[in-house]
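Open your viewer, get the selection tool ready, and let's walk through this model one stop at a time.

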Amino acid sequence: MTNTWVILPAVEGDLDEIMALENASFATDAWSVDNMHAELEVAHTAYFVVREDERLIGYGGVSVIPGTGQGDIQTIAIDEFERGRGVGRSLMGALMREAATQGAREMFLEVRADNPSAIGLYRSLGFEQIDSRKRYYMPDGVDALVMRANLEPLRTQDLEPLVLGIETSCDETGIGIVRGNRLLANVISSSMDEHARFGGVVPEIAARAHLEALRPTLHEALNQAGVTLDELDAIAVTNGPGLAGALMVGVGAAKALAVATGKPIYAVNHLVGHVGVDILE
Amino acid sequence: MSIILAIDTSFGTSVALVEDGVVRAEVNVDDTMKHAERIGEAIAQVLAVADVRPAQVSEVVVGRGPAPFTGLRVGIAAAVMFAEGARAKLFGAVSLDAIARTELESAELRAQVSHDRPLLVTSDARRGEVYAALYSDVTKAGSPVRIDGPFVIKPAELEAQLERRAIEPLRATAPVTAASLGLLADALLIDGLLDTDVSALYLRDPDATVPNPKQRVGKAVS
Ligand SMILES: [Zn+2]
């Protein structure tokens with residue numbers, strides 16, 4: 001058989017099929033439909049399904065808590081009749097790349113000690129046993145092996161450019177970090193509360209708020225993306241249109257950051273910036 | 001051993017590099033409208049002239065003003081981000097103090113200055129007002145001792161106040177430069193007085209006023 005499956009981000013409409021496979025795969029300790037639904041919706045997790053000829057033959061999820069640099073395999077299941085074809089390896093690869101892209105430097109998983117083929121697959125993907133948990137899988141009382149893989153090679157290899165963008169165009173300071181066209185972080189320190197008091201955007205107040213927000217906004221964005229300034233490939237800044245005063249703060253800040261880090265700087269139009277944010281996945 | 005990058009945008013765009021109390025490079029651009037465009041190249045220029053890499057900068061000091069609003073915060077934003085990018089320590093200093101330090105380099109002035117005959121430093125605050133501060137002394141390292149200010153005031157009112165307090169000050173109106181700010185930071189560092197506060201000193205409230213919540217627009221219906 002050839003590998004004609006595709007790996008797609010899971011959507012809510014996949015839930016019934018996922019649950020069918022979940023119940024078939026984990027007879028004694030399957031998640032409830034509510035649990036699974038919540039997993040698909042919650043922030044910081046990414047679930048994928050494997051489909052072949054429209055049929056769902058596997059699914060798996062990873063969680064990356066921003067700032068930790070760690071990814072955790074939440075669950076993974078492959079249709080029992082489709083095992084041994086490399087579907088699991090392909091799905092694991094997608095989960096590991098996703099975690100690396102979201103800033104994970106290492107990845108953890110637990111696996112049943114009585115599942116040698118799964119353990120073998122994880123070993124071949126670079127996972128090593130670092131711990132075990134006695135009688136982790138109940139009610140069977142089966143131990144879990146805790147395994148860890150280093151994702152650094154995935155992070156540095158074939159990665160699309162990492163760009164930090166600063167926008168201080170109108171009423172907020174926004175710092176976004178993108179890898180290619182994927183949004184890793186978008187932190188906006190809106191000065192809306194200040195504005196509400198003044199019934200609109202007051203240039204001077206907007207600009208003052210930008211200044212106070214700059215440093216915490218930068219730190220939060222780097223944490224969320226799980227990257228450091230050293231890793232950036234470029235810096236982008238909004239160059240208008242917008243309120244002149246607020247705009248200048250961002251331009252001055254971005255230029256200074258570019259000189260300090262030795263990274264190239266690009267100007268982007270404010271409106272393009274907004275559209276750009278919309279088309280990011 | 002300290003390599004200080006000093007940035008002051010309270011008037012023009014001024015950037016300097018001060019190494020162990022010696023000005024190694026400075027760039028001063030008078031254009032008050034182009035702070036944002038100039039700041040990046042000015043920083044790059046002083047680093048190039050002094051042959052210093054960003055990572056070698058140990059302290060960044062920024063002039064907090066007081067100054068009219070527009071340009072000041074560009075310098076502060078640039079200082080914040082440069083310090084982040086270069087992993088340098090970030091400090092702020094009162095721009096008027098830099099003028100005082102420069103003036104009080106003069107042995108003659110130092111001999112005259114006292115609590116009763118302080119040095120008055122003023123700078124243009126626009127709208128017919130000046131920023132002002134008074135200094136009574138200077139430390140051995142060169143940190144000026146500010147006894148009053150900074151405040152914003154109409155010149156006539158400042159003179160009236162000085163007269164009421166029977167103060168006949170020594171006067172300084174030299175412009176602030178990043179070089180003088182960097183030398184000030186070096187002195188403050190030696191004296192352990194360099195402050196991490198980088199908030200802008202506008203001294204005036206924003207032009208916008210908070211609307212009175214009780215005041216309603218439109219007809220009352222009852
Ligand atoms: Zn905007």
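**Stop 1: a helix in chain A**

This is a predicted model, and our tour begins with helix α3 of chain A, so select residues 87-101. The helix has 15 residues and reaches 21 Å from its first C-alpha to its last, close to the 21 Å expected at 1.5 Å a residue. Now show the surface around α3(A): the helix is mostly covered, with 12 of its 15 residues buried. Among them are Val87(A), Gly88(A), Leu91(A), Met92(A) and Gly93(A). The buried set also includes a charged residue, Glu98(A). Step past the end of α3(A) and pick Gly103(A), whose phi is positive, near 105°.

**Stop 2: charged groups in chain A**

Stay in chain A and select Glu52(A), Arg55(A), Asp79(A), Glu82(A) and Arg85(A), which are linked in a network of salt bridges. Zoom in on Glu82(A) and Arg85(A): the closest N and O atoms of this salt bridge are 2.6 Å apart. Is Glu82(A) buried or exposed? Glu82(A) counts as buried because its relative accessibility is 9%, under the 20% cut-off. If you run a search over all chains, the whole structure gives 23 salt bridges.

**Stop 3: chain B as a whole**

Switch to chain B and colour by secondary structure to see 6 helices and 9 strands. Of the 222 residues in chain B, 55% count as buried. The chain exposes about 10500 Å², and carbon and sulfur atoms supply 50% of that area. On a contact map of chain B, take the contacts between residues at least 6 apart in sequence: 67% of these join residues at least 24 apart.

**Stop 4: two salt bridges in chain B**

Select Asp97(B) and Arg146(B), a salt bridge whose closest N and O atoms are 2.9 Å apart. Asp97(B) lies in helix α3 (residues 95-103) and Arg146(B) in strand β8 (residues 144-153) of chain B, so the pair ties together parts that are 49 residues apart in sequence. Asp97(B) is buried at 10% relative accessibility, whereas Arg146(B) is partly exposed at 32%.

Next, pick Lys154(B) and Glu129(B), where the closest N and O atoms of the salt bridge are 3.9 Å apart. Lys154(B) sits in the loop between β8 and α5 (155-164) and Glu129(B) in strand β7 (residues 129-138), so this pair ties together parts that are 25 residues apart in sequence. Lys154(B) is partly exposed at 47% relative accessible area, while Glu129(B) is buried at 17%.

**Stop 5: a buried glutamate**

Go to strand β4 (residues 59-63) of chain B and click Glu59(B). Which side chain of opposite charge is nearest to Glu59(B)? That is Lys89(B), 4.0 Å away, and the buried Glu59(B) has no salt bridge. Its side chain does make a polar contact of 2.7 Å with the side chain of Ser58(B). Show the surroundings of Glu59(B) and you will find contacts that include Ile3(B), Leu5(B), Phe91(B) and Leu189(B).

**Stop 6: a serine in a loop**

Finish at Ser114(B), in the loop between α4 (107-112) and β6 (119-126) of chain B. Ser114(B) is partly exposed, with a relative accessible area of 26%. Draw two distances from the side chain of Ser114(B): 3.2 Å to the backbone nitrogen of Asp116(B), and 2.9 Å to the backbone nitrogen of Arg117(B). Ser114(B) also touches Tyr135(B) and Ser136(B). Add Asp137(B), which is 23 residues from Ser114(B) in sequence and 6.1 Å from it in space, C-alpha to C-alpha.

Methods
Residues are numbered from 1 along each chain as its sequence is written. Chains are lettered from A and ligands numbered from 1 in the order in which they are written. This is a predicted model: local features need pLDDT of at least 70, side-chain atom pairs count only at pLDDT 80 or more; totals for chains, interfaces and linings use all residues. Side-chain values use heavy atoms; hydrogens and water are left out. Helices (H or I, at least four residues) and strands (E, at least two) are DSSP runs, numbered from the N terminus. The expected span of a helix is 1.5 Å times one less than its number of residues. Buried means under 20% relative accessible area, exposed over 50%, partly exposed in between (1.4 Å probe, protein chains only). A polar contact is a pair of N or O atoms within 3.5 Å; within protein, one must be able to donate a hydrogen and the other to accept it, and residues adjacent in sequence count only if both atoms are side-chain atoms. Contact means heavy atoms within 4.5 Å. Accessible areas come from the Shrake-Rupley method with a 1.4 Å probe; for residues, only the protein chains shown count as cover. Lists of a residue's contacts leave out its neighbours within four places in sequence.
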